[in-house]
Amino acid sequence: MTRTTTYCRICPAACGLVLDVDDGRVTKITGDPQHALTRGFTCVKGRYLADFATDPARLRSSRRRDSQGGHEDVAIDVAIGEIAARLHDIIAAHGPDAVALYTGTQASMASLTLPFTLAFWKTLGSRKQFSSMTVDQAAKWVTEGRLGRWAAGAQRFADADVWMLVGTNPLVSMQGGYFTGFPIHDGMRRLLEEKRRGLQLIVVDPRRTELAARADIHLQIIPGTDAVLFAGLIAIVIGEGLHDKAFCDRWVPGLDDLRRAVARFTPDVTAAACGVPVSDLLSAARVFGGGHRGMATSGTGPDMGPSANLAEHLIQTLNVVCGRFPRDGDAMAGVSVLGSGKPRPAEVLAPDRHWEHGYRSPTGYGLLNGELPAVSLPDEIGGAGSDRIRALIVSGGNPAVAVPGKARMVDALSSLDLLVTIDPFMSETAQVSDYVIAPVVHIERPDTTRSYEGLMDRPFAQYTPAVLPAPEGVIDDWEFFLRLAGAMGNSLHVAGREYVPGAPIPTTDDVLASFAARARIPLDEVKRHPHGIVFDALAEVRVAPPSDSAGPGHGTGFDVMPADVAAELSMLEATAPHDDGRLHLIVRRAKEVMNSTGTQLVGLVRDPPNPCHMHPDDLARAGLVHGSAVSLTSDHGSIDAVVHADVTLRVGVVSMSHGFGGPGVDGDPPDAGSSTNRLLSPTADLQPISGMPRLTAVLVRVGAPRTSV
Ligand SMILES: Nc1nc2c(c(=O)[nH]1)N[C@H]1C(S)=C(S)[C@@H](COP(=O)(O)OP(=O)(O)OC[C@H]3O[C@@H](n4cnc5c(=O)[nH]c(N)nc54)[C@H](O)[C@@H]3O)O[C@H]1N2
Ligand SMILES: Nc1nc2c(c(=O)[nH]1)N[C@H]1C(S)=C(S)[C@@H](COP(=O)(O)OP(=O)(O)OC[C@H]3O[C@@H](n4cnc5c(=O)[nH]c(N)nc54)[C@H](O)[C@@H]3O)O[C@H]1N2
Ligand code: SF4
Ligand SMILES: [Mo]
């Protein structure tokens, strides 16, 4: 038996693990108590890391659609040759826009996958790029483009005296999505340490989550009312003079427009519409506005709701008026060790509204950070004309499950001329694919923590070798894209290197070294520390002074109230909802899975896989008990579920995890859980600019089950 260390790569918390390996089998996984960041913590998924390699359902060979509509094994060289030829033919006949790319969450978990996927993508010249971000927090990209952003990034949780977390539960999600500032590594202990130091925590969430239970102020709002809440908070902060006047003078030319636009959101109106006590609303505004350092940051909650773009804009605007950004000389958040860590200046990057310029798809959308909305993929596949999508490559994602309107998505994916999915499991997307490429999984690949450094608040780095050998028939994600490019006669440019067709394929370690070429600490030094290491001696990177051209005189400031935001705000209703017996369905992350990753593993998922959580008062009102079978019906669909009592919910709210269910167009198999995306619409209620659908604060009626369970 040998004992070895690695870190988990199912999510970016990168928990340190100790593994017992006996005769090529992992017999035990525990948290690594000597790990400098996570100090022994793991979640249940990390303890199943080896199962992702050994589970009977894990693919050990790539698959190709056979003549009966099933799949047969295919050698990777053969698959790459055939895919290259078909892509070549499709592009020759219809142009590059006939080929599309969808990247999902797992493309970001291995540090090399996304860079090689995108480098390959660039060689094709197609503009049909999609990712899970447009069913996640696209409002953050929209906000950066409309409001502008602070070049030096965010303040640090560890320096803050107050922090407001909105619609995120990082003690379970370990991430909060795009950026929350929360110390995700060993979050619970870190949070308690920061609170002992004096941090005041404000949480906005319709559920008393694991995080909200530790808050000094918890605003348990009615789902979907974030935009009203933040309009009200800004009105109080500016009205009571709690904003940062010097910062606003320099960087916020539209402060008066903002003040006027939020004036109707008085404390009484806001508190009634959001369903919170006026006193709590006032306290939140005063504690936040009265603090010196610390931000309001959000996860998926407000960004998946009915006013996502506006809500996110107002959340960031609260930071803007309070000047909650690192200044000249402050330490920057996110610490590079294996990256180069260049200082950035204390100035505003002006809003660029990039989607208003350049390519516009026939569906009417411009490119948001280079991407089209995931919900528009079926229209793009079914559309007429020369830019109809005929081929799709899916890297580390599962759009058949992740995107609202499941039946429509599965139908569209099935109708493609060519669908290639890289996935270690026969995911719902893989099942309707022409080729399924079987990749190396986490524990079988060497990697470094370089790509997670933006989420770390200490200068930490770890290298891990592969712990288990990969089966013969699988290929690393990055290598698949390199070889596919080569087979199409294209060179790839990645991390300062050119990879020309026909050249020998480097090892993963060799490629990792090329990414660390400009590291602040040499990769060889990092490799000497099997538990990872915090490089305390590494000087903090400090924010640089603003450049001479920065400042309102030069036209660069935050645009707090551009015309489209003003129009959205003027349409925003601030009235208390009336009770018609329907409940608000909200999003919730399950500890056992990462979206749909893990749903196939034997033993990891519970029974029932994704219960519908409901407050005991609502259960009693509906004559239900914990464990009752029910149906949930929205304006867009109906699913069956099992209810579980949950006192942490606001009355009138139900919550359920996504990522479950099967690929069937009509319904889900009884033991696979239910797909909440059957209740959501891919066409109604979409956000402008991003096409982001509404995934939370969805009205549902809870009734008798459709089928007898
Ligand atoms: N109703 C509802 N829908 C939602 C959400 C919600 O809250 N509610 N959340 C949304 C969010 S935030 C997101 S990000 C999306 C997720 O959208 P996606 O990223 O499209 O979905 P995932 O389920 O994360 O897909 C990950 C896939 O990667 C595969 N995989 C695992 N390891 C590897 C690997 O090493 N290599 C490769 N190539 N593949 C691997 C897994 O088997 C899985 O099929 O879903 C969205 N959908
Ligand atoms: N275990 C696990 N971890 C994950 C994932 C997973 O599936 N499982 N997915 C990963 C991915 S892809 C992402 S993007 C991140 C997401 O990370 P988070 O955004 O932290 O996700 P959640 O934990 O669902 O937190 C969202 C919170 O929003 C609340 N909420 C719901 N509706 C509203 C609303 O209208 N307003 C407000 N203010 N709050 C609301 C919910 O009650 C919930 O507590 O998590 C990542 N981590
Ligand atoms: S999935 Fe769990 S064990 Fe793995 S990194 Fe994330 S929190 Fe840690
Ligand atoms: Mo996500």
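Biologist: Why does C612 count as buried?

Modeller: C612 has 0% relative accessibility, and buried means under 20% relative accessible area (exposed is over 50%, partly exposed in between, with a 1.4 Å probe and protein chains only), so C612 counts as buried. This is a predicted model, in which local features need pLDDT of at least 70, side-chain atom pairs count only at pLDDT 80 or more, and totals for chains, interfaces and linings use all residues. Residues are numbered from 1 along each chain as its sequence is written, chains are lettered from A and ligands numbered from 1 in the order in which they are written, and side-chain values use heavy atoms, without hydrogens and water.

Biologist: Why is C248 called buried?

Modeller: The relative accessibility of C248 is 3%, so C248 counts as buried. Of the 709 residues of the chain, 59% count as buried.

Biologist: How do you know that C248 is in no disulfide?

Modeller: A disulfide is a pair of cysteine sulfur atoms within 2.5 Å. The structure holds zero disulfides. For C248, the nearest cysteine sulfur belongs to C322 and is 7.9 Å away.

Biologist: Why does the radius of gyration of the chain agree with a compact globule?

Modeller: The radius is taken over C-alpha atoms, and the globule rule is 2.2 Å times the number of residues to the power 0.38. For 709 residues a compact globule would have a radius near 27 Å, and the chain has 25 Å, so the value agrees. The C-alpha trace spans about 70 × 65 × 55 Å along its principal axes.

Biologist: What makes T105 a polar contact of ligand 1?

Modeller: A polar contact is a pair of N or O atoms within 3.5 Å; within protein, one must be able to donate a hydrogen and the other to accept it, and residues adjacent in sequence count only if both atoms are side-chain atoms. A polar side-chain atom of T105 lies 2.5 Å from an oxygen atom of ligand 1. Taken alone, ligand 1 exposes 920 Å², of which the protein buries 98% (Shrake-Rupley method, 1.4 Å probe; for residues, only the protein chains shown count as cover).

Biologist: What polar contact does D205 make with ligand 2?

Modeller: An N or O atom in the side chain of D205 is 2.6 Å from an oxygen atom of ligand 2. Ligand 2 alone exposes 910 Å², and the protein buries 98% of that.
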